[in-house]
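Below are some notes for a colleague who is meeting this structure for the first time. They are set out as numbered points, to be read alongside the model.

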Amino acid sequence: MKPKSKRIAYLGPEGTHSEQACIVYDSSAIRLAFPSIKDAVNSIVSGKADECIVPIENSLAGSVTETLDILIFHKKIKIKYELIIPINHHLITKNQVEFNRIKHIYSHPQAIAQCKTFISRNLPNAKIIASMSTALAVEQMLATSKNESAAIGTKRSSTLNNAVTIGENIQDNKSNSTRFIILSNKDHQLTGDDKTSICFELKSDRPGILHESLGEFASRNINLSKIESRPTGESLGRYMFLIDLMGHKNDSKVKSAISTLRASSSMFRLFGSYPRYKIEEDQN
(Lines give C-alpha, C1' and ligand atoms only; values in the text may rest on other atoms or scores of the structure.)
Protein backbone atom coordinates (compact mmCIF):
# COMPACT_ATOMS: atom_id res chain seq x y z
CA MET A 1 0.00 0.00 0.00
CA LYS A 2 1.31 3.45 -0.93
CA PRO A 3 2.17 5.56 2.15
CA LYS A 4 -0.33 8.31 2.89
CA SER A 5 1.00 11.75 1.89
CA LYS A 6 1.66 14.17 4.72
CA ARG A 7 -0.73 17.13 4.94
CA ILE A 8 0.99 20.44 5.73
CA ALA A 9 -0.95 23.61 6.52
CA TYR A 10 0.47 27.04 5.67
CA LEU A 11 -0.48 30.70 5.43
CA GLY A 12 -2.02 30.99 1.97
CA PRO A 13 -3.08 31.43 -0.67
CA GLU A 14 -0.66 29.87 -3.16
CA GLY A 15 2.41 31.95 -3.80
CA THR A 16 3.34 32.97 -0.25
CA HIS A 17 6.79 32.53 1.24
CA SER A 18 5.16 30.05 3.61
CA GLU A 19 4.20 27.90 0.63
CA GLN A 20 7.76 28.19 -0.64
CA ALA A 21 8.99 26.96 2.74
CA CYS A 22 6.54 24.02 2.51
CA ILE A 23 7.99 23.02 -0.84
CA VAL A 24 11.55 23.21 0.49
CA TYR A 25 10.62 21.21 3.60
CA ASP A 26 8.65 18.44 1.85
CA SER A 27 7.87 18.82 -1.85
CA SER A 28 5.80 15.60 -1.88
CA ALA A 29 3.40 16.70 0.86
CA ILE A 30 -0.19 17.80 0.32
CA ARG A 31 -0.17 21.56 0.88
CA LEU A 32 -3.24 23.09 2.55
CA ALA A 33 -3.63 26.88 2.39
CA PHE A 34 -5.33 28.77 5.25
CA PRO A 35 -6.25 32.48 5.47
CA SER A 36 -4.36 33.14 8.73
CA ILE A 37 -1.55 31.74 10.86
CA LYS A 38 -4.07 30.96 13.60
CA ASP A 39 -6.29 28.97 11.23
CA ALA A 40 -3.29 27.07 9.90
CA VAL A 41 -2.21 26.11 13.43
CA ASN A 42 -5.74 25.12 14.47
CA SER A 43 -5.88 22.71 11.53
CA ILE A 44 -3.50 20.41 13.44
CA VAL A 45 -5.81 20.29 16.46
CA SER A 46 -8.87 19.67 14.28
CA GLY A 47 -7.10 16.89 12.37
CA LYS A 48 -7.31 18.62 8.98
CA ALA A 49 -3.50 18.71 8.75
CA ASP A 50 -0.63 16.64 10.12
CA GLU A 51 1.79 19.54 10.42
CA CYS A 52 1.83 23.28 9.99
CA ILE A 53 4.58 25.62 8.82
CA VAL A 54 4.62 29.22 10.07
CA PRO A 55 7.12 32.12 10.06
CA ILE A 56 8.58 32.95 13.46
CA GLU A 57 11.51 35.31 12.82
CA ASN A 58 12.86 37.52 10.04
CA SER A 59 16.45 38.74 9.82
CA LEU A 60 15.27 42.33 9.19
CA ALA A 61 11.88 42.77 10.85
CA GLY A 62 12.46 40.52 13.87
CA SER A 63 10.00 38.14 15.50
CA VAL A 64 6.56 37.36 14.14
CA THR A 65 4.55 38.21 17.24
CA GLU A 66 1.40 36.43 16.06
CA THR A 67 3.30 33.16 15.93
CA LEU A 68 4.91 33.76 19.33
CA ASP A 69 1.54 34.46 20.95
CA ILE A 70 0.05 31.29 19.43
CA LEU A 71 2.96 29.24 20.78
CA ILE A 72 2.52 30.73 24.24
CA PHE A 73 -1.20 30.12 24.57
CA HIS A 74 -1.68 27.01 22.41
CA LYS A 75 -0.70 24.10 24.67
CA LYS A 76 -1.41 21.24 22.25
CA ILE A 77 1.28 21.93 19.63
CA LYS A 78 5.05 21.46 19.54
CA ILE A 79 7.91 22.68 17.37
CA LYS A 80 9.15 19.70 15.35
CA TYR A 81 11.60 21.31 12.94
CA GLU A 82 12.98 24.66 11.83
CA LEU A 83 13.81 25.92 8.36
CA ILE A 84 15.48 29.08 7.07
CA ILE A 85 14.87 30.36 3.55
CA PRO A 86 15.98 33.52 1.69
CA ILE A 87 13.23 36.10 1.20
CA ASN A 88 13.03 38.04 -2.06
CA HIS A 89 10.24 40.59 -2.50
CA HIS A 90 8.92 41.83 -5.84
CA LEU A 91 6.78 44.83 -6.77
CA ILE A 92 3.83 43.49 -8.76
CA THR A 93 1.18 45.30 -10.83
CA LYS A 94 -1.66 44.50 -13.26
CA ASN A 95 0.18 45.99 -16.22
CA GLN A 96 3.40 47.87 -16.80
CA VAL A 97 3.21 51.20 -14.97
CA GLU A 98 5.58 53.94 -13.79
CA PHE A 99 6.31 54.17 -10.07
CA ASN A 100 4.91 57.72 -9.84
CA ARG A 101 1.46 56.51 -10.91
CA ILE A 102 1.13 54.01 -8.09
CA LYS A 103 -1.21 55.26 -5.35
CA HIS A 104 -1.68 52.13 -3.23
CA ILE A 105 0.61 49.32 -2.08
CA TYR A 106 -0.86 46.05 -0.79
CA SER A 107 1.16 43.59 1.28
CA HIS A 108 1.64 41.81 4.58
CA PRO A 109 3.00 44.15 7.33
CA GLN A 110 6.20 42.07 7.60
CA ALA A 111 6.89 42.50 3.88
CA ILE A 112 6.19 46.24 4.10
CA ALA A 113 8.66 46.53 6.98
CA GLN A 114 11.30 44.65 5.02
CA CYS A 115 10.97 47.00 2.01
CA LYS A 116 10.59 50.36 3.77
CA THR A 117 13.71 51.93 2.20
CA PHE A 118 12.60 51.03 -1.33
CA ILE A 119 9.11 52.36 -0.62
CA SER A 120 10.32 55.66 0.85
CA ARG A 121 12.66 56.26 -2.10
CA ASN A 122 10.41 55.19 -4.96
CA LEU A 123 6.81 55.33 -3.70
CA PRO A 124 6.80 57.92 -0.89
CA ASN A 125 3.21 59.07 -1.47
CA ALA A 126 1.61 55.66 -1.93
CA LYS A 127 -0.90 54.53 0.70
CA ILE A 128 -0.03 51.28 2.46
CA ILE A 129 -2.84 48.72 2.73
CA ALA A 130 -2.19 45.72 4.98
CA SER A 131 -3.04 42.22 3.77
CA MET A 132 -3.17 38.85 5.53
CA SER A 133 -0.42 37.49 3.24
CA THR A 134 1.75 38.61 0.35
CA ALA A 135 -0.09 36.30 -2.05
CA LEU A 136 -3.48 37.65 -0.97
CA ALA A 137 -2.07 41.14 -1.50
CA VAL A 138 -1.50 40.33 -5.17
CA GLU A 139 -5.09 39.12 -5.51
CA GLN A 140 -6.43 42.26 -3.81
CA MET A 141 -4.32 44.48 -6.06
CA LEU A 142 -5.58 42.72 -9.20
CA ALA A 143 -9.18 43.19 -8.03
CA THR A 144 -8.85 47.00 -8.11
CA SER A 145 -10.43 48.78 -11.07
CA LYS A 146 -7.50 50.99 -12.10
CA ASN A 147 -3.84 50.32 -12.81
CA GLU A 148 -2.79 52.55 -9.90
CA SER A 149 -2.02 49.88 -7.32
CA ALA A 150 0.88 47.55 -6.65
CA ALA A 151 1.53 44.60 -4.37
CA ILE A 152 4.67 43.33 -2.71
CA GLY A 153 4.84 39.59 -3.13
CA THR A 154 6.76 36.62 -4.44
CA LYS A 155 7.75 35.91 -8.02
CA ARG A 156 5.56 32.80 -7.85
CA SER A 157 2.49 34.83 -6.85
CA SER A 158 3.07 37.08 -9.87
CA THR A 159 3.34 34.09 -12.18
CA LEU A 160 0.29 32.32 -10.73
CA ASN A 161 -1.85 35.44 -11.30
CA ASN A 162 -0.43 36.42 -14.73
CA ALA A 163 0.64 39.76 -13.26
CA VAL A 164 3.59 42.01 -14.10
CA THR A 165 6.74 42.39 -12.01
CA ILE A 166 8.08 45.96 -12.15
CA GLY A 167 10.61 45.64 -9.33
CA GLU A 168 12.71 42.65 -8.29
CA ASN A 169 14.45 41.92 -4.98
CA ILE A 170 13.25 45.20 -3.46
CA GLN A 171 13.91 44.19 0.17
CA ASP A 172 16.22 46.54 2.07
CA ASN A 173 18.81 43.86 2.73
CA LYS A 174 19.72 41.34 0.04
CA SER A 175 20.60 38.80 2.73
CA ASN A 176 17.02 38.93 4.01
CA SER A 177 15.87 35.55 5.33
CA THR A 178 13.04 34.13 7.42
CA ARG A 179 13.08 31.33 9.95
CA PHE A 180 10.07 29.06 9.71
CA ILE A 181 9.02 26.42 12.24
CA ILE A 182 7.12 23.23 11.59
CA LEU A 183 4.48 22.55 14.22
CA SER A 184 3.00 19.16 15.07
CA ASN A 185 1.37 17.24 17.91
CA LYS A 186 4.83 16.13 19.05
CA ASP A 187 8.36 17.43 18.70
CA HIS A 188 11.48 15.71 17.30
CA GLN A 189 13.57 12.96 18.80
CA LEU A 190 17.15 13.65 19.86
CA THR A 191 19.64 13.94 16.96
CA GLY A 192 22.77 15.22 18.73
CA ASP A 193 22.56 18.68 17.16
CA ASP A 194 19.35 20.18 18.50
CA LYS A 195 17.63 23.26 19.81
CA THR A 196 14.94 23.63 22.45
CA SER A 197 12.47 26.51 22.76
CA ILE A 198 10.85 27.45 26.07
CA CYS A 199 8.76 30.20 27.63
CA PHE A 200 8.48 31.12 31.31
CA GLU A 201 7.25 33.76 33.75
CA LEU A 202 9.06 34.21 37.03
CA LYS A 203 7.24 33.87 40.35
CA SER A 204 8.75 37.02 41.85
CA ASP A 205 10.12 40.35 40.65
CA ARG A 206 13.31 41.40 42.39
CA PRO A 207 16.81 42.57 41.39
CA GLY A 208 18.86 39.77 39.85
CA ILE A 209 16.05 37.22 39.50
CA LEU A 210 16.37 36.98 35.69
CA HIS A 211 20.16 36.79 35.99
CA GLU A 212 19.81 33.90 38.41
CA SER A 213 17.39 32.08 36.10
CA LEU A 214 19.62 32.42 33.05
CA GLY A 215 22.56 31.39 35.20
CA GLU A 216 21.06 27.89 35.33
CA PHE A 217 22.04 27.54 31.69
CA ALA A 218 25.42 29.29 31.95
CA SER A 219 26.50 27.09 34.87
CA ARG A 220 25.83 24.02 32.73
CA ASN A 221 27.56 25.44 29.65
CA ILE A 222 24.30 25.63 27.68
CA ASN A 223 24.35 28.31 24.99
CA LEU A 224 21.30 30.54 24.52
CA SER A 225 20.81 31.46 20.87
CA LYS A 226 17.85 33.80 21.44
CA ILE A 227 16.02 35.52 24.29
CA GLU A 228 13.16 38.01 24.20
CA SER A 229 10.22 39.13 26.31
CA ARG A 230 6.48 39.36 25.67
CA PRO A 231 3.83 41.04 27.88
CA THR A 232 1.72 38.58 29.84
CA GLY A 233 -1.46 40.50 29.06
CA GLU A 234 -2.40 40.51 32.74
CA SER A 235 -1.00 43.89 33.80
CA LEU A 236 1.44 46.53 32.61
CA GLY A 237 5.02 45.67 33.46
CA ARG A 238 4.48 41.91 33.68
CA TYR A 239 6.49 39.92 31.14
CA MET A 240 7.22 36.37 30.12
CA PHE A 241 10.51 35.33 28.55
CA LEU A 242 11.06 33.21 25.46
CA ILE A 243 14.35 31.39 24.99
CA ASP A 244 15.95 29.25 22.30
CA LEU A 245 18.77 27.15 23.73
CA MET A 246 21.24 24.72 22.23
CA GLY A 247 20.52 21.10 23.14
CA HIS A 248 17.62 18.67 23.39
CA LYS A 249 15.15 18.42 26.26
CA ASN A 250 16.37 14.87 26.85
CA ASP A 251 20.02 15.92 27.21
CA SER A 252 20.86 15.44 30.89
CA LYS A 253 22.18 18.97 31.47
CA VAL A 254 19.30 20.58 29.56
CA LYS A 255 16.81 18.47 31.49
CA SER A 256 18.40 19.57 34.77
CA ALA A 257 18.38 23.28 33.87
CA ILE A 258 14.77 23.15 32.71
CA SER A 259 13.69 21.35 35.87
CA THR A 260 15.26 24.02 38.09
CA LEU A 261 13.83 26.86 36.03
CA ARG A 262 10.37 25.31 36.02
CA ALA A 263 10.40 25.21 39.84
CA SER A 264 11.06 28.96 40.05
CA SER A 265 8.47 29.90 37.43
CA SER A 266 4.82 30.73 37.83
CA MET A 267 4.26 29.67 34.20
CA PHE A 268 6.47 27.42 32.11
CA ARG A 269 5.97 26.13 28.54
CA LEU A 270 8.22 23.77 26.63
CA PHE A 271 7.59 24.54 22.95
CA GLY A 272 9.66 21.58 21.79
CA SER A 273 13.06 20.22 20.83
CA TYR A 274 14.04 19.93 17.18
CA PRO A 275 17.09 19.58 14.88
CA ARG A 276 19.17 22.73 14.46
CA TYR A 277 18.95 24.03 10.89
CA LYS A 278 22.38 24.56 9.37
CA ILE A 279 22.30 27.31 6.73
CA GLU A 280 25.79 26.66 5.38
CA GLU A 281 25.08 23.01 4.59
CA ASP A 282 21.43 23.27 3.54
CA GLN A 283 21.54 26.25 1.21
CA ASN A 284 24.67 25.57 -0.83
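1. In this predicted model, strand E1 (residues 7-11) and strand E2 (residues 30-34) pair in the parallel sense over 5 bridges, and within this pairing Tyr10 has Ala33 in E2 as its bridge partner. Between the two strands the chain passes through helix H1 (residues 17-25), and the β-α-β crossover made in this way is right-handed.

2. The largest nonpolar core contains 25 residues, of which Val41, Cys52, Leu71 and Leu183 touch the most other members. E1 is among the elements that give two or more residues to this core, and the others are helix H2 (37-46), strand E3 (51-58), helix H3 (65-73), strand E11 (177-184), strand E14 (239-246) and strand E15 (265-275). In soluble globular proteins, nonpolar side chains tend to be buried together.

3. Val41 deserves a separate look: leaving aside residues up to four places away in sequence, Val41 touches Cys52, Val54, Ile70, His74, Ile77 and Leu183.

4. An open sheet of 4 strands, with antiparallel pairing, follows the order E13-E14-E12-E15. Strand E13 (224-231) and E15 each have a single partner strand and stand at the edges, so one side of each is left without a neighbour in the sheet. From one strand to the next, the twist averages 15°.

5. Within this sheet, E13 and E14 run antiparallel and are joined by 7 bridges, with Ile227 standing opposite Ile243 in E14. Helix H9 (residues 252-263) packs on the sheet, where it touches E12, E14 and E15, and its direction makes about 155° with that of E15. H3, for its part, lies across strand E12 (194-202), E13, E14 and E15, and runs at about 85° to E13.

6. A further open sheet is formed by 5 strands in the order E8-E7-E9-E6-E10, and here the pairing is mixed. Strand E8 (127-130) and strand E10 (164-167) are at the edges with a single partner strand each, so one side of each is left without a neighbour in the sheet. Neighbouring strands of this sheet are turned by 35° against each other on average, if direction is ignored.

7. Which residue in E9 does Ile92 stand opposite? The residue is Ala151, and the strands E6 (residues 90-93) and E9 (residues 149-153) pair in the antiparallel sense over 3 bridges. Helix H6 (residues 134-143) lies across E6, strand E7 (104-107) and E9, and runs at about 165° to E9.

Note on methods: Residues are numbered from 1 along each chain as its sequence is written. This is a predicted model: local features need pLDDT of at least 70, side-chain atom pairs count only at pLDDT 80 or more; totals for chains, interfaces and linings use all residues. Side-chain values use heavy atoms; hydrogens and water are left out. Two strands pair if DSSP finds at least two bridges between them. Axes are lines fitted to C-alpha atoms, for helices over the stretch in contact, and angles run from 0 to 180 degrees between N-to-C directions. Contact means heavy atoms within 4.5 Å. A crossover is right-handed if, with the strands pointing away from the viewer, the path from the first strand over the helix to the second runs clockwise. A nonpolar core is a set of buried Ala, Val, Leu, Ile, Met, Phe, Trp, Tyr and Cys residues joined through side-chain atoms within 4.5 Å. Buried means under 20% relative accessible area, exposed over 50%, partly exposed in between (1.4 Å probe, protein chains only).
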